[in-house]
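Trainee: Got a minute to go through this one with me? I'd like to start from a single residue and work outwards.
Mentor: Sure, pull it up.

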Amino acid sequence: MDAADSTKPKVSPLYDPKVRGIAYQVALCALIGVLVYGAISNAIENLTRAKIASGFGFWTTTAGFDINQTLIEYSNISTYGRAFWVGLLNTLLVAALGIVFATILGFAIGIARLSRNWLLARMAGVYVEVIRNIPLLLQLLFWYNAVLKALPEQLQESFIIPGGGFLNRRGLFLPQPVFGNGSGIAFVALILGIVAAIIFRIRIKRRHEQTGVRAPVFAIVLALVVVPPLVALALAGFPIDFIYPYPGRFNIQGGIEILPEFMALLFGLVIYTAAFIAEVVRAGLFAVSRGQTEAAYSLGLPTGPTLRLVVIPQAMRVIIPPLTSQYLNLTKNSSLAVAIGYPDLVQIFTGTVLNQTGQAVEVVTLTMAVYLTISLVTSLLMNLYDRRVALVER
Amino acid sequence: MARVMTRIALAAVLSAIASAATAQTLNTIKTRGVLNCGANGTLAGFGAPDAQGRWTGLDVDFCRAIAAAIFNDANKVKFVPLSSKDRFTALQTGEVDVLVRNTTWTSSRDTTLGLNFTGVNFYDHQAFMVRKALQVKSALELNDAAICVQQGTTTELNLADYFRARKMKLKTVTFASADEAIKAYDSKRCDGYTTDASGIRSEMRKLVNPDEHVILDDVVSKEPLGPAVRQGDDQWFDIVKWVHFAMLTAEEFGVTKANVDEQLKSDIPDLKRLLGSEGKHGEALGLTNDWAYRIIKQVGNYGEVFERNVGQGSPLKLPRGYNALWSKGGLQYAPPIR
């Protein structure tokens, strides 16, 4: 018996809240474990009894179907596993671009909604209310059909984009750059330029903090990034060629092809998510005390810098957590691609692959695991950023 | 789409929790009092509700024939409309007892998918449809064309094979349902549309101007379409298989919906065995001996069902072709009932 026991009244372990707490948790974990084990073994038993193939043996089997947008090498003699990666990359592509554009548009509209310009504020308000209250699937179908119907159907009538591009019902076709000999130097110059710009920016910031002297950071950084590669290219005699698209028998041939399904999906996701981001931004801006703006004005800061340097940095602390969940929503919503024929992970993998192999359990489980991973990684990155901008208590 | 995802998720959960009834399908159906039939739902001529909401089609009548054989009531069928993408999951998990949905019989579906095809109720082939304005005479001229296709079909694979074998390039645009695919083709997203020839005939009627389109003569692949059941229940497999054979035998001996009662008096031994006045062939299947009589009386023989749904009595006007009886130069052949 030690000292602690002598000060407390003696309780039977049966009534000790600590022991009880542990016991409950152990029991709960055991129960969940039994349920999970039961479900898995039952599934395996049922699959075996129904003589349905199981396991991931199909991963290395030839897929045999075509995919019309592939970021990596893929043909119909590639494997199901390869098709999975093609689908995953297509999902990530539309999600990443969607997040970037939705953020820009959402911030613009969120700020516009608080504008003193009556018309601008009302228009932003109408945008948010209309877009937020219509189901995304309907919007996607609308954009897909609107995009298709609005574009010229005949090859000869295609909109010609200056610089050698075409736009018609089959998609957007752009010249494809081909880098010849000597463009490697330009690439190296670009990387060196970026490194120089980063070093320069750190230096200038330090000088600003120590002496208060400001420098035209943006112009110099831009010059450091853009000028060296251009000079390098000029020295090498501009070794970049373009493959220009040209009208063929049925379609535009050559160049970079951007599918109308991709455009419609990206458009729909950006417009829809931007409405929610706008509300998040508005809430964040409201959360910054009015006194902060007034203090900035009284120090003589104009409206722009007040917003940029005083209000938004403080609003970000409120904005980031709900913004994260909007990013997650956008990524998950990209699976609605299946409705308009964009080959994303769900369309390729839980669509064609599931049907051809018949292995629903494996395919669905893997797809869920992928979305879970994407979401958790996005949350992690956003939390790291949140920690950086969080209010540091002094 | 949400519905499709729910169904897939449900299927995954079901196969994990429920213990699927693999054997004794017939008893389950009898206890339930209704046959669950996986049907197409949007393919006129094979499986789709008509203007009055009544299900009609070649595949639909096949399910009615099974119901007639079991319950002596061809209307005791619940039709479950399935997309080509989730049809197998629905059958595997027991959501439907039999899948009669213009489904191509392939070796992998017969094995790794855990299914058994009971026969072929429609011999078909895959074909291409293009706009007349393109002036394409053969599928061989379709190099670099964009083709709209439905997902989760043998069509999708045959299309890739066809172009690969001929070293031609293509741009496939894949849609989850036939309706979406044909709509995209109609709005000129694609140069061509491909599926089974019978399917094209049926889908064509949904186009804005069907006259502006033409079906190319090229035969892309063999497409034997037939009913499928789960593996592991031989009795049920036999019943579904013999329902088809009974309908073929009836046509072969000239027994029709109209004259079946007269034919009961016939002295021909084959007819006596078919209609159940001789032998115990129905009971051997787990049914009653007048099982085939019920089918013919309530649904009709194979020829009647064919003409009514896809043949001359229908808007599709498909010729019998390979689907004629073996005795008339076709491939439909039933083993003897004895």
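**Starting from one glutamine**

Mentor: Gln347(A) has a relative accessible area of 3%, so this residue counts as buried. Keep in mind as we go that this is a predicted model.

Trainee: OK, and where does Gln347(A) lie?

Mentor: In helix 11 of chain A, which covers residues 345-357.

Trainee: Which residues is Gln347(A) in contact with, leaving aside neighbours within four places in sequence?

Mentor: From chain A there are Val338(A), Gly341(A), Tyr342(A) and Thr352(A), and from chain B there are Gln151(B), Thr174(B) and Phe175(B). With Thr174(B) there's a polar approach: a polar atom of the Gln347(A) side chain lies 2.8 Å from the backbone oxygen of Thr174(B).

Trainee: Let's zoom out then. How many residues does each chain put into the contact?

Mentor: Chain A gives 52 residues and chain B gives 54 residues. The area buried between the two chains is about 4,300 Å², with carbon and sulfur atoms giving 49% of that area.

Trainee: And the polar side of it, how many residue pairs are in polar contact across the interface?

Mentor: The rule finds 18 such pairs between chain B and chain A, counting pairs with both residues at pLDDT 80 or more.

Trainee: Which elements of chain B supply at least two residues of the side that touches chain A?

Mentor: Helix 1 (2-17), helix 4 (87-92), strand 8 (145-150), helix 6 (154-165), strand 9 (170-175) and helix 7 (178-186). The largest share comes from strand 9 of chain B, with six residues. By class, the side of chain B that touches chain A has 22 nonpolar, 19 polar and 13 charged residues.

Trainee: How many salt bridges are there between the chains?

Mentor: Four between chain B and chain A. Over all chains, the structure holds 22 salt bridges.

Trainee: Can you walk me through a couple of the ones between chains?

Mentor: Take Arg170(A) and Asp191(B), whose side chains meet in a salt bridge at 2.8 Å, N to O. That pair crosses between chains: Arg170(A) is in the loop between strand 2 (165-168) and strand 3 (171-174) of chain A, and Asp191(B) is in the loop between helix 7 and strand 10 (192-196) of chain B.

Trainee: Are those two buried or exposed?

Mentor: Both come out buried: Arg170(A) has a relative accessible area of 8%, and Asp191(B) is at 4%.

Mentor: Another one is Glu257(A) with Lys171(B), a salt bridge at 3.6 Å, N to O. Glu257(A) lies in strand 8 (residues 256-258) of chain A and Lys171(B) in strand 9 of chain B, so this pair joins two chains as well. Glu257(A) is partly exposed, with a relative accessible area of 32%.

Trainee: What about a salt bridge inside chain A?

Mentor: Arg113(A) forms one with Glu129(A), and the closest N and O atoms are 3.9 Å apart. Arg113(A) is in helix 3 (residues 80-113) and Glu129(A) in helix 4 (residues 118-132) of chain A, so the pair ties together parts that are 16 residues apart in sequence. Glu129(A) is partly exposed, at 34% relative accessibility.

Trainee: Which residues are joined into one network by salt bridges that share partners?

Mentor: Arg113(A), Glu129(A), Arg132(A), Glu279(A) and Arg282(A).

Trainee: Back to chain B. I clicked on Ala184(B), so where is that?

Mentor: In helix 7 of chain B. Ala184(B) counts as buried, at 4% relative accessibility. Leaving aside neighbours within four places in sequence, Ala184(B) is in contact with Tyr144(A) from the other chain, plus Cys148(B), Phe175(B), Arg189(B) and Cys190(B).

Trainee: Phe175(B) rings a bell.

Mentor: It should, since Phe175(B) is also among the contacts of Gln347(A).

Trainee: Changing topic: what domains does the assignment give for chain B?

Mentor: Domain 1 (2-121 + 226-328) and domain 2 (125-222). Their C-alpha centres lie 29 Å apart. In the contact between them, 15 residues of domain 1 meet 14 residues of domain 2, and the buried area is about 1,200 Å², with carbon and sulfur atoms giving 50%.

Trainee: How many salt bridges between those domains?

Mentor: Zero. There are five residue pairs in polar contact, though, with both residues at pLDDT 80 or more.

Trainee: And how is chain A divided?

Mentor: Into domain 1 (3-49) and domain 2 (85-154 + 259-389). The centres of those two, taken over C-alpha atoms, are separated by 42 Å.

How values were computed: Residues are numbered from 1 along each chain as its sequence is written. Chains are lettered from A and ligands numbered from 1 in the order in which they are written. This is a predicted model: local features need pLDDT of at least 70, side-chain atom pairs count only at pLDDT 80 or more; totals for chains, interfaces and linings use all residues. Side-chain values use heavy atoms; hydrogens and water are left out. Contact means heavy atoms within 4.5 Å. Buried area is the accessible area (1.4 Å probe) that two parts lose on being put together, summed over both. A polar contact is a pair of N or O atoms within 3.5 Å; within protein, one must be able to donate a hydrogen and the other to accept it, and residues adjacent in sequence count only if both atoms are side-chain atoms. Helices (H or I, at least four residues) and strands (E, at least two) are DSSP runs, numbered from the N terminus. Ala, Val, Leu, Ile, Met, Phe, Trp, Tyr, Cys and Pro count as nonpolar, Asp, Glu, Lys and Arg as charged, and the others, Gly among them, as polar. Domain bounds come from an automatic or database domain assignment. Buried means under 20% relative accessible area, exposed over 50%, partly exposed in between (1.4 Å probe, protein chains only).
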